[in-house]
Amino acid sequence: MELLYTGDKQLLEKSIEVTQSDLTDDFNNDIVNLTNVMYLHDGLAIAAPQAGMQKRLFVIRNSSNPSIIINPEIVSFSKETILSREGCLSFPGLYLTIRRPETIMYKARNLEWQEQEGELSGEDAVMFQHELDHLNGILFVDKVSEFKLKRAKKALQKKITKNSKV
Ligand SMILES: [Zn+2]
């Protein structure tokens with residue numbers, strides 16, 4: 001399993017719901033591999049399609065074991081929003097300031113196929129929304145204006161040029 005980068009069409013596809021019959025040893029191996037891709041690239045989270053696995057799940061890094069979030073859904077959003085700086089493993093070096101709902105209520109399943117529910121806010125809510133977008137083929141560059149995106153890409157280009165001179 002390898003990390004897919006911007007330009008790869010698989011990143012634009014909608015991923016398929018996980019069923020209980022998917023939970024085989026092979027599936028568990030895929031999740032271990034996916035988690036390793038996240039660690040290898042020093043990510044805080046990774047969505048399955050970012051490593052070519054078109055399934056509705058993502059991994060979130062924790063201080064202990066990573067959380068495996070299966071078939072995530074957002075049940076409700078707060079009206080309050082926050083602006084935060086987001087990066088994405090599939091867009092190395094690119095950071096965008098994006099406005100999203102500040103608090104969400106979510107539903108998902110875990111690897112034991114138990115239903116999980118909860119509320120997230122702040123950075124945790126932002127991360128959940130960013131990863132869930134990946135499962136719908138939506139990338140963080142779709143969340144900002146063309147102008148903002150151009151400016152961020154220019155800044156990245158400047159940084160790369162500067163680094164290559166040193
Ligand atoms: Zn991402």
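I take two residues to be in contact if their C-beta atoms, placed from the backbone, lie within 7 Å. With that rule I looked up Met38 and, leaving aside its neighbours within four places in sequence, I found it in contact with Gly43, Ala45, Ile46, Val59 and Arg61.

Before going further I note that this is a predicted model, in which local features need pLDDT of at least 70 and side-chain atom pairs count only at pLDDT 80 or more, while totals for chains, interfaces and linings use all residues. Residues are numbered from 1 along each chain as its sequence is written.

Overall layout. I counted elements as DSSP runs numbered from the N terminus, with helices being H or I of at least four residues and strands being E of at least two. The chain comes to 3 helices and 7 strands, and from the N terminus on they run α-β-β-β-β-β-β-β-α-α. The C-alpha trace spans about 50 × 40 × 30 Å along its principal axes. The radius of gyration, taken over C-alpha atoms, I compared with the globule rule of 2.2 Å times the number of residues to the power 0.38. The chain has 16 Å, which agrees with the value near 15 Å for a compact globule of 166 residues. Among contacts with a separation of 6 or more, 62% join residues 24 or more positions apart.

Burial and core. I call a residue buried if 20 or more other C-beta atoms lie within 10 Å of its own, exposed if 12 or fewer, and partly exposed in between. Of the 166 residues, 24% count as buried. I then looked for nonpolar cores, meaning sets of buried Ala, Val, Leu, Ile, Met, Phe, Trp, Tyr and Cys residues joined through C-beta atoms within 7 Å. The largest has 27 residues, and Leu34, Met38, Ile46, Ala48, Ala51, Phe58 and Val59 are those with the most contacts inside it. At least two residues of this core come from each of α1 (25-40), β1 (45-47), β2 (57-60), β3 (67-77), β6 (103-109) and α2 (123-135), and α2 gives the most, with 5 residues.

Positive phi. Asp42 is not a glycine, yet I find a positive phi of about 60° there; its place is in the loop between α1 and β1. Asp42 counts as exposed because it has 8 C-beta neighbours inside 10 Å. Trp113, also not a glycine, has a positive phi of about 65° and is found in the loop between β6 and β7 (115-121). With 13 C-beta neighbours inside 10 Å, Trp113 counts as partly exposed.
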